[in-house]
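Student: I should like to understand how the descriptions of this structure are justified. May we go through them one at a time?

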Amino acid sequence: MSNLPNCPKCGSVYTYNDGTSNICPECAHEWQDAASDTTDDDKVIKDSNGNILQDGDTVTVIKDLKIKGTSLVVKVGTKVKNIRLVDGDHDIDCKIDGIGPMKLKSEFVKKV
């Protein structure tokens with residue numbers, strides 16, 4: 001019927017999957033499937049061309065980026081040195097000459 005594993009704690013065959021974990025209704029034991037074990041440390045951030053980015057890389061902006069709340073624009077071809085990768089929607093933390101500290105999305109840069 002289903003290919004879910006038996007409960008590792010009590011051996012029950014009545015297990016069910018709840019998104020990211022398996023649950024046993026008899027003993028209330030929850031566990032992750034070995035195939036679905038992923039950690040946030042495994043998150044890989046890639047640029048617009050699919051190159052893997054790392055802390056300290058130099059990137060180039062591929063699109064004019066308007067900065068909210070100001071009339072400043074980060075122009076195409078602007079080089080950004082010594083980037084730091086962070087969690088979140090804007091996954092690059094950097095300092096741009098003439099503008100200051102900023103957060104960028106990796107989809108708008110390419111590795112140099």
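Student: In what order do the elements of the protein run from the N terminus on?

Tutor: This is a predicted model. From the N terminus on, its elements run β-β-β-β-β-β-β-β-β-β-β. The protein has 11 strands and zero helices.

Student: How do you know that the protein does not follow the rule for a compact globule?

Tutor: For 112 residues, a compact globule would have a radius of gyration near 13 Å, whereas the protein has 22 Å. The span of the C-alpha trace along the principal axes is about 65 × 30 × 25 Å.

Student: What makes a residue count as buried, and what percentage of the protein is buried?

Tutor: A residue is buried if its relative accessible area is under 20%. Of the 112 residues in the protein, 27% are buried. The protein exposes about 8000 Å², and carbon and sulfur atoms supply 47% of that area.

Student: Why is alanine 28 called exposed?

Tutor: The cut-off for exposed is over 50% relative accessible area. Alanine 28 has 58% relative accessibility, and therefore it counts as exposed. Its place is in the loop between β2 and β3.

Student: What is notable about the phi of alanine 28?

Tutor: Most residues other than glycine have a negative phi. In alanine 28, phi is near 65°, a positive value in a residue other than glycine.

Student: Why is asparagine 82 called exposed?

Tutor: Its relative accessible area is 52%, so asparagine 82 is exposed by the cut-off of over 50%. Asparagine 82 lies in the loop between β7 (79–80) and β8 (84–85). Its phi is near 55°, a positive value in a residue other than glycine.

Student: What makes β1 and β2 a pair of strands?

Tutor: Two strands pair if there are at least two bridges between them. Three bridges join β1 to β2 (residues 21–23), and these strands run antiparallel. For tyrosine 16, the bridge partner in β2 is isoleucine 23.

Student: Which strands of the open sheet with the order β1-β2-β3 are called edge strands?

Tutor: That open sheet has three strands with antiparallel pairing. Its edge strands are β1 (16–18) and β3 (30–31), each of which pairs on one side only.

Student: How far apart are the mean positions of the positive and negative charges of the protein?

Tutor: The protein has 15 positive and 18 negative charges, and their mean positions are 14 Å apart.

How values were computed. Residues are numbered from 1 along each chain as its sequence is written. This is a predicted model: local features need pLDDT of at least 70, side-chain atom pairs count only at pLDDT 80 or more; totals for chains, interfaces and linings use all residues. Side-chain values use heavy atoms; hydrogens and water are left out. Helices (H or I, at least four residues) and strands (E, at least two) are DSSP runs, numbered from the N terminus. The radius of gyration is taken over C-alpha atoms; the globule rule is 2.2 Å times the number of residues to the power 0.38. Buried means under 20% relative accessible area, exposed over 50%, partly exposed in between (1.4 Å probe, protein chains only). Accessible areas come from the Shrake-Rupley method with a 1.4 Å probe; for residues, only the protein chains shown count as cover. Lys and Arg count as positive and Asp and Glu as negative; His and the chain ends are not counted. The place of a charge is taken as NZ of Lys, CZ of Arg, CG of Asp or CD of Glu.
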